[in-house]
Amino acid sequence: MQRVAEVCIPNTVLDSLSYEADESVEKGAVVWVTLRGKKKMGLVLDIHSNAPKYALKPATSHESGYVFSQRYLETLKWCANYYMCSTGEALTAFWPADMEKYLCN
């Protein structure tokens, strides 16, 4: 059965995009995905098995293996709802512009 990760990508007006997830990807994980031919960092909002009829690109776990808590995800979704913005826009406010630097240390 194919695992599907709903990934939120900062600096976008999207709520989430579907990517294929391997066993190492879990809810709250920081992952690498491809969007418009560029490698982007994203946050896994949910994992499910309702695979679409089209092929999905893979989501790979970030080298740090960092996973945000359920409370962080709830706060992110609350913020997007309260300020009537997309989850991607809310995540832009939550993450520093140089997030990669903080995860590798």
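This report covers the largest pocket of a predicted model and the strands around strand 4.

**The pocket**

The largest pocket holds about 400 Å³ of space. Its lining takes in 18 residues, and those closest to the pocket centre are I9, P10, N11, K40 and M41. Three elements each give two or more residues to this lining: strand 3 (30-35), strand 4 (38-48) and helix 3 (99-104). Strand 4 supplies the largest share, three residues.

What is the make-up of the lining by residue class? Nonpolar residues number 11. Four residues are charged, and three are polar.

**The strands**

Strand 4 also takes part in two pairings. One is with strand 1 (residues 3-8). The other is with strand 3. The table sets them out.

| Strand pair | Sense | Bridges | A facing pair |
|---|---|---|---|
| Strand 1 and strand 4 | antiparallel | five bridges | E6 opposite D46 |
| Strand 3 and strand 4 | antiparallel | six bridges | L35 and K38 |

On the strand 1 side, E6 stands opposite D46 of strand 4. On the strand 3 side, L35 has K38 of strand 4 as its bridge partner.

**The hairpin**

Strand 3 and strand 4 form a hairpin with two residues between the strands. Which residue in this hairpin takes a positive phi? R36 does, with a value near 55°.

**Putting it together**

Strand 4 pairs with strand 1 over five bridges and with strand 3 over six. Strand 4 also gives three residues to the lining of the largest pocket. Strand 3, its hairpin partner, is another of the elements that give two or more residues to that lining.

Key:
Residues numbered from 1 in each chain as written. Predicted model: local features only at pLDDT ≥ 70, side-chain atom pairs only at ≥ 80, totals over all residues. Heavy atoms only, no water. 1 Å grid on protein atoms, 1.4 Å probe; cavity = no way out; pocket = protein on both sides within 12 Å on 5 of 7 lines; lining within 4 Å. Points joined across faces, edges and corners; volume = space filled by probe spheres on them. Helix = DSSP H or I, 4+ residues; strand = E, 2+ residues; numbered from the N terminus. Nonpolar A, V, L, I, M, F, W, Y, C, P; charged D, E, K, R; others polar. Pairing = 2+ DSSP bridges.
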